[in-house]
Amino acid sequence: MRVLVFNAGSSSLKFGLFEGDRQIFKGSFDRFREGGCDLSFEGAEGPLEQGRAPHADLAAAIAAVPGVLAERGLDAIDAVGHRLAHGGTEFTGPARIDDAVIARIEALTPLAPLHNPAMLEGLRLASRIWPDLPQVAVFDTSFHLTNPARATTYAVPPAWRDAGLRRFGFHGTSHKYVAQRAAEALGQPLSDLRIISVHLGNGASACAVQYGASIDSSMGMTPLEGLVMGTRSGDIDPGAFGFLQRHLGLGVAAIEAALYSDSGLKALTGSPDMRDVEDRAAQGDAEAQLAINLYAYRVRKYLGSYAAAMGGVDAVVFTGGIGQNSASMRRRICDGLSFMGLMLDDDRNRAPDLSDRAAPQIQAQGSRVAIVVTETAEQLMIAREVRAMLQRPALAPRPVPVAVSGRHVHLSEASVQALFGPNYRLTEGAPLRQPGNWVAEERVTLEGPKGRLERVAILGPLRPRTQIEVSRTDSFALGIDAPVRNSGQLEGTPKVRLIGPAGTIETDGLIVAARHIHTNPAEAEAMGLSDGEMVEIEVQGADGRGLVFSHTLVRVVPGTVTEMHIDTDEANAAGISGHVDGAVVPHVQAVPRA
Ligand SMILES: Nc1ncnc2c1ncn2[C@@H]1O[C@H](COP(=O)(O)OP(=O)(O)O)[C@@H](O)[C@H]1O
Ligand SMILES: CC(=O)OP(=O)(O)O
Ligand SMILES: [Mg+2]
């Protein structure tokens, strides 16, 4: 399947033609001005072509693409993919374009005024040029819809929140790709890593990718919040609005326009382009030096804050024009972070080889945190998503039995001895559906600063580490903020007191278990699922309280029985009592495992 992908930006149009993951042609038009723009074309084998094109704006550039492809005999295409910046809460994955989808995207356009208009224009033009081809939109925001409420909520009046004021985050396609790429480079599953992805292009954002899911990012409701960018301010005190209105008589529209287009590097130095800023700084220009310092400082603060948010960090990955090309900016950002185990190697940092999508590591010997540099591949990711959406086999839906887990603990040998006495062995009670698992006849008590939970079940067999799984409601009863985690991912989890008949222990390992599906290779294949992928599961409960559970992790292990595990809060919300089967929602896109 040949997929043409458009990434229309505020100031440039990039496109790529893909056959599978192979990019057989790519091009870009940028620096639009009166009388024309710059162009760059490159075929898989053909030479790089650079020069000027007569197109004065994006629409003219898009309209020229069919001719560019036809001249090279590449006009046979099967589908068109488009990058869209803002998809709100509605677009959890790619969307096949029709009039209704266009109307929904249009409604979100005021929230990304630099981006969505050009992208929408590209979409409309492409639909006219190729009316018979499927057109698919892939949204920057979708990847961040896993962010917890504490990351997405602004502390503002309820009426504002009801109107839709919340944080979204952007560059999701890029953060998802580079996080996967970093995991591959480190040879570890993405689902075991806490990664901070730092995308520094014209727009810039940082993202905390915890065990494969975005949990926070520096952009907010719009792509204005966060880091300093080419022409955008990033974080600014909202009190500035009143000040600017009272002292300079500026209206909201004028303030917004300036924050999007006349701020950032451009405001500090006159140029939005980091290459210019670095050149001037090297010549001793004090404004450019301040801009660079400020830019790096802001990124460094986000690294610290995301390390705190995830209870640690295993890798930082740099991408985007600045992140991948500016060794001095990476250096400045990383300086002074050895306190958190992050140390750059100057030689490796100087000129990492990024050819062929390489993702070299540039940390110093002994750095606990890996540092990776790689080129992002938004177009490639969009092509993959389009293909996956259009080619997903129409498999017969299969039921996924839902099992509700009440609060329980898994104990280590040492915890059993401490709670029940030396050489104590738990009494194996009722078997669970997963072969080899059972409920012990003994119970323990959990205690937190706010309260106790008595008679909590113990599940066997014993594990290397003690893990305590409660619901969100339980965590409030205890008075401890338990994070949502996959089983076994216990780094940085809070402590809780366990009380047994022979003793008491304080141990970390308190989590709200992330919902997941256990299955075996044969049934996974029959359902079209793969290990590590996230799916949506629809469950019809009692009293018309059905729910679609988003972001459900698939775990494929030989010998396991197919079963979805949710906790009691989730079950109550969906009206589940007694046996119920869930169904995989077919339209939602898989997140391929790194
Ligand atoms: N060698 C370099 N050193 C410093 N900055 C660079 C270098 N190459 C590109 N950049 C900067 O990268 C930014 C553009 O990033 P890019 O990711 O291409 O933009 P976009 O977000 O539009 O895709 C510009 O500020 C540019 O100056
Ligand atoms: C959302 C965003 O900022 O995108 P870009 O970096 O392409 O401007
Ligand atoms: Mg960009």
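## N7 in strand β1

N7 sits in strand β1. In this predicted model, N7 is buried: 21 other C-beta atoms lie within 10 Å, and the cut-off for a buried residue is 20 or more. Leaving out residues up to four places away in sequence, N7 touches K14, R83, E378 and Q379.

## E378 in helix α15

E378 belongs to helix α15, which covers residues 378–391. E378 is also buried, because 23 other C-beta atoms lie within 10 Å and 20 or more are needed. Beyond its neighbours within four places in sequence, E378 contacts N7, R83, T173 and S174. R83 is thus listed among the contacts of N7 and among those of E378.

## The annotated binding site

Which residues does the UniProt annotation "binding site" cover? They are N7 and E378, and the record is an unreviewed entry. The two are spread over 372 residues of sequence. In space they cluster, with a largest C-alpha distance of 8.0 Å. The contact between N7 and E378 fits that picture.

## The sheet and its edges

Strand β1, the place of N7, is part of an open sheet of eight strands. The order is β5-β4-β3-β2-β1-β6-β8-β7, and the pairing is mixed. In that order, β1 stands between β2 and β6. The edge strands are β5 (48–53) and β7 (95–96), each of which pairs on one side only.

Strand β7 pairs with β8 (residues 135–139). The sense is antiparallel, and the pairing runs over two bridges. Here A95 stands opposite A137 of β8.

Helix α1 (residues 58–71) packs on the sheet. Four strands are touched by α1: β1 (2–8), β2 (12–19), β3 (22–33) and β4 (36–43). The direction of α1 makes about 25° with that of β2.

## Around ligand 1

Ligand 1 has 15 residues around it. Which of them come nearest? They are G201, N202, M274, G321 and N325.

Two elements give two or more residues to this shell: α10 (274–282) and α12 (320–325). The largest share comes from α12, with four residues. By class, the shell holds 10 polar, three charged and two nonpolar residues.

Notes. Residues are numbered from 1 along each chain as its sequence is written. Chains are lettered from A and ligands numbered from 1 in the order in which they are written. This is a predicted model: local features need pLDDT of at least 70, side-chain atom pairs count only at pLDDT 80 or more; totals for chains, interfaces and linings use all residues. Two strands pair if DSSP finds at least two bridges between them. Two residues are in contact if their C-beta atoms, placed from the backbone, lie within 7 Å. Axes are lines fitted to C-alpha atoms, for helices over the stretch in contact, and angles run from 0 to 180 degrees between N-to-C directions. UniProt positions are given in the numbering used here, feature names are shortened, and annotations may be inferred rather than shown by experiment. A residue is buried if 20 or more other C-beta atoms lie within 10 Å of its own, exposed if 12 or fewer, and partly exposed in between; C-beta atoms are placed from the backbone. A residue is near a molecule or strand if its C-beta atom, placed from the backbone, lies within 6 Å of it. Ala, Val, Leu, Ile, Met, Phe, Trp, Tyr, Cys and Pro count as nonpolar, Asp, Glu, Lys and Arg as charged, and the others, Gly among them, as polar.
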